[in-house]
Amino acid sequence: MKLMHLGDLHLGRSLADFDLTEDQEYMLDRLLEIAKEQEVDAVLIAGDVYDKAVPSEAATRMLDYFLSRLAESGIYVYMISGNHDSDERLNYGSNLFESNHIFISAKYDGSLYKQTLKKGREEADIYLLPFVKASQVRHFLPDEKIETYDDAVRAILDNADIDKSRNNVLVAHQFVMGKSDPALSGSEGLGTQSVGTVEKIGYDCFDAFDYVALGHIHSPQQVGRKEVRYCGSPLKYSLSEVNNDKSVTIITIGGKGETDIELLPLRPMRDMRHIKGKIKDLLDKKNVTAPEDFIYATLTDEEIIIDAIGIFRQVYPNTIRIDYDNSHSREIERSDISEPTDNRTFDELISDFYRQIYGCDISEEEMAVMKAVAGEAGVI
């Protein structure tokens with residue numbers, strides 16, 4: 001049997017000031033085409049279906065369209081919530097959905113949700129583990145010693161009575177690590193890096209599963225072993241993802257222990273690119289390619305260009321951000337921002353900052369404006 005592994009759709013997401021609805025609709029249509037071309041039996045959706053706990057009308061419409069098309073094609077769906085999703089909203093109508101073979105587990109209720117997928121003589125037990133916190137699991141398993149996320153997930157799995165002789169597939173949305181942490185992008189919203197190891201889960205707790213469909217990390221990658229995998233987000237949602245090759249994960253399951261994984265390229269309607277150089281060269285007609293792409297630009301010009309983003313958008317209308325890499329920016333990076341400022345006046349601090357940015361002294365009129373703004377903000 002064939003499974004398609006998806007996650008981190010983030011329906012309803014925007015990119016800076018740009019609405020991604022059209023891009024996400026295009027992506028969902030492409031996923032539907034691949035599902036039919038590959039003749040998949042089921043789609044696994046590993047959380048962060050929506051970008052916000054209260055999804056927009058456009059986001060809910062897109063999910064309804066996607067699930068309806070899959071159901072019409074006879075493709076089963078197994079979906080869980082992620083840390084961006086609202087448990088109740090994603091779970092709404094789940095009993096009705098099951099009649100169309102759409103199985104949703106949006107909130108842990110004390111037991112690990114399980115469905116058996118059958119195709120001819122082949123069977124696979126599909127387990128759904130929505131995003132959980134240690135406090136939630138302690139409520140249902142009070143006799144277990146649960147202090148960390150790792151403790152919580154292990155307790156859930158230990159109490160699930162998993163038959164290891166069968167083909168077992170788990171869909172989960174957690175921060176899982178192998179021998180080292182997975183490669184992160186700038187889009188993940190769990191905040192795992194700032195709180196030490198408390199939220200990290202060792203991949204070895206999934207040893208009973210022939211495939212683990214993970215969500216949360218936007219960069220596609222395996223964790224520990226090839227059968228424990230993040231599929232990654234289908235679209236690029238941050239600058240750190242510009243070099244990611246987005247893909248669709250197709251899993252073929254045969255007999256026990258026979259699991260094959262294939263990555264199919266996923267091309268967006270509009271790509272995200274990072275370009276670097278002098279503004280004159282970047283906007284030269286002979287150097288301009290795919291102008292509709294989302295663009296991050298780094299300018300190496302020494303002088304600050306007034307309304308650079310407005311100039312860029314005349315050529316690249318979907319320019320997201322512009323920054324600089326020149327002698328001034330490098331000097332700022334080298335400067336010690338922790339240097340004490342208690343004995344320096346507001347005028348001295350602003351003058352030094354202005355000089356580092358623009359390479360010249362601030363005028364009296366500009367200083368007056370800065371003081372007025374600082375006064376309104378309560379800084380001085």
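**A walk through the fold, starting at A172**

Let's start inside strand β9, which runs over residues 168-173 and holds A172. This is a predicted model, so keep that in mind for everything that follows. With a relative accessibility of 0%, A172 counts as buried, because the cut-off for that label is anything under 20%. And what does A172 touch, once residues up to four places away in sequence are set aside? The list is A46, I80, L129, A213, L214 and G215. You can also check a distance here: A172 and V132 are 40 residues apart along the chain, and their C-alpha atoms are separated by 9.4 Å.

Now zoom out for a moment. The protein has 380 residues, and 48% of them count as buried. Its secondary structure comes to 11 helices and 19 strands. If you take the contacts with a separation of 6 or more, 67% of them come from residues 24 or more positions apart.

Next stop, L11. You'll find L11 in the loop between β1 (2-6) and β2 (14-15). Is L11 buried or exposed? At a relative accessible area of 2%, L11 falls under the 20% limit and is therefore buried. Leaving out neighbours within four places in sequence, L11 is in contact with Q24, L28, V49, Y50, D51, A59, M62 and L63. One of those partners, L28, sits 17 residues away along the chain, with 10.0 Å between the two C-alpha atoms.

Three of the residues that L11 contacts, A59, M62 and L63, take us to helix α2, which covers residues 57-72. The helix geometry makes a nice sanity check. With 16 residues at 1.5 Å each, α2 should span 22 Å, and its end C-alpha atoms are indeed 22 Å apart, so expectation and model agree. Which residues of α2 are buried? They are A59, M62, L63, F66, L67 and L70. These residues cover an arc of only 120° around the axis, so they sit on the same side of α2. On the other side of the helix you'll see E57, D64 and E72, which are exposed. After α2 comes G74, and its phi is positive, near 75°.

What about empty space inside the model? Rolling a probe the size of a water molecule over the atoms shows where empty space is left. Searching the whole structure turns up 1 cavity of 30 Å³ or more. The largest cavity holds about 30 Å³ of space. Around the largest cavity, the lining is made of H5, L6, G7, L9, C231, G232, S233, P234, S247 and V248. Two elements, β1 and β15 (247-253), give two or more residues to that lining. By class, the lining has 5 nonpolar and 5 polar residues, with no charged ones.

The last stop is T259, in strand β16, which spans residues 259-265. Its relative accessible area is 12%, and since that is under 20%, T259 counts as buried. Which residues does T259 contact, leaving aside neighbours within four places in sequence? They are D210, K226, E227, I251 and T252. Two of these, I251 and T252, fall within β15 (247-253), the strand we just met at the cavity lining.

Terms used:
Residues numbered from 1 in each chain as written. Predicted model: local features only at pLDDT ≥ 70, side-chain atom pairs only at ≥ 80, totals over all residues. Heavy atoms only, no water. Helix = DSSP H or I, 4+ residues; strand = E, 2+ residues; numbered from the N terminus. Buried < 20%, exposed > 50% of the residue type's maximum accessible area, 1.4 Å probe, protein only. Contact = heavy atoms within 4.5 Å. Expected span 1.5 Å × (residues − 1). Arc of directions from axis to C-beta. 1 Å grid on protein atoms, 1.4 Å probe; cavity = no way out; pocket = protein on both sides within 12 Å on 5 of 7 lines; lining within 4 Å. Points joined across faces, edges and corners; volume = space filled by probe spheres on them. Nonpolar A, V, L, I, M, F, W, Y, C, P; charged D, E, K, R; others polar.
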